Amino acid sequence: MRTICTIGSIRTMRAMRLTFAAMVAALWIFGTAQFSAVAAAAGAVAPAMSPAQALAQLTAGNQRYQHDANSHPHLHARRRSELVGGQAPFAVILSCSDSRVPPELIFDQGLGGLFVVRLAGNTVTRAGLESIDYAVDHLGTSLIMVLGHDSCGAVKGALAECVSKPTAGLPEIFANICPAVGQATKAGVANLESSAIELNVIDQVRILERSPLFKKRLADGSLKIVGGRYDLESGKVEIINSGD
Ligand SMILES: [Zn+2]
């Protein structure tokens, strides 16, 4: 059972947490109208689906996975042939490299569905940002999810390193997580690791939101950036930040 944080900023963060179902409903209501306008934007690659549709597809896949009902879609020879000429992944997942959190499996997706950027600690790096931008700008991907997870080794390492050494001298993996560690430490929460995991996801969402690369698409509703947290035991991905 995850320890519940009680300090102000963490309480606010938890209040922002939505279930997948609620998130999908909200996006359907508020996002669909804006999406159609974006698809017509001159020079842009029209997304294959709206952000709400993309999140709904992730939701459905994760629910199948939670209940041992994976359909393993799009894993056959015909699909391979279909993709030889190009790809149009509906979602970007920025996730940890952890072997227990493979995005294609936990969202029950097959070939061509997800554009995945993985590195320990699921933080935004220069090359990662450029990769994500490629998917959004050239492949028409309409949803970006930053996906953290319980018992993350990179966050554990950052907790040990950030407080004792100057950030400038740390490996990039830890240095990128240090702001979240600092926020969690300052808040004085009971479960520092759990809070740092969530705050790190939120930090990375904010970094992506502030990038000029995505400003126009975020404004017109053709792109959404959300945070998620994967529970190792249940297999559930919980939305921890709407990206709004
Ligand atoms: Zn991890």
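How are α7 and α10 oriented to each other? They come out roughly perpendicular, a label for angles of 65 to 115 degrees, with those under 35 counted as roughly parallel, those over 145 as roughly antiparallel and the rest as oblique. Bear in mind that this is a predicted model, where local features need pLDDT of at least 70, side-chain atom pairs count only at pLDDT 80 or more, and totals for chains, interfaces and linings use all residues. Residues are numbered from 1 along each chain as its sequence is written, and side-chain values use heavy atoms, with hydrogens and water left out.

**The overall picture**

- The protein has eleven helices and five strands; these are DSSP runs numbered from the N terminus, with helices being H or I of at least four residues and strands E of at least two.
- Of the 244 residues in the protein, 50% are buried, meaning under 20% relative accessible area (exposed is over 50%, partly exposed in between, using a 1.4 Å probe and protein chains only).
- Take the contacts between residues at least 6 apart in sequence: 72% of them join residues at least 24 apart, where contact means heavy atoms within 4.5 Å.

**α7 against α10**

- Helix α7 (residues 153-161) packs on helix α10 (residues 192-210) at about 115°, and their axes are 10 Å apart. The axes are lines fitted to C-alpha atoms, for helices over the stretch in contact, and angles run from 0 to 180 degrees between N-to-C directions.
- α7 crosses α10 in a right-handed way; right-handed means the near helix is turned clockwise from the far one by less than a right angle, left-handed anticlockwise.
- On the α7 side, V155, K156 and L159 make the contact, while α10 brings in L192, E193, A196 and I197.
- That contact splits into five nonpolar, no polar and two charged residues. For this count, Ala, Val, Leu, Ile, Met, Phe, Trp, Tyr, Cys and Pro are nonpolar, Asp, Glu, Lys and Arg are charged, and the others, Gly among them, are polar.
- Within α7, A154, V155, G157, A158 and L159 are buried, and their cover includes α8 (172-175), α9 and α10.

**α9 against α10**

- Helix α9 (residues 178-187) meets α10 at about 130°, with the axes 8 Å apart, so α9 and α10 are oblique to each other.
- This crossing is right-handed too.
- P179, A180, V181, Q183, A184 and T185 of α9 face L192, S195, A196, L199, N200 and D203 of α10.
- The residues in this contact are seven nonpolar, four polar and one charged.

**Two residues of α10 to click on**

- N200 sits in helix α10 and is buried, with just 1% relative accessible area.
- Leaving out residues up to four places away in sequence, N200 touches G121, N122, T123, N176, I177 and A180.
- D203 is in α10 as well, and at 15% relative accessibility D203 counts as buried.
- With that same sequence filter, D203 touches P179, A180 and Q183.
- D203 and I177 are 26 residues apart in sequence, with their C-alpha atoms 8.7 Å apart.

**The zinc site**

- The zinc ion gets its protein donors from C96 (SG), H149 (NE2) and C152 (SG), at 2.1 to 2.3 Å. Donors are N, O and S atoms within 2.8 Å of the metal (3.2 Å for Na, K and Ca), and water is not among the atoms, so sites may look incomplete.
- Along the sequence, the donor residues follow the spacing C-x52-H-x2-C.
- C96 is in the loop between β1 (91-95) and α5 (103-106) and H149 is in strand β3 (residues 143-149), so this pair ties together parts 53 residues apart in sequence.
- C96 and H149 are both buried.
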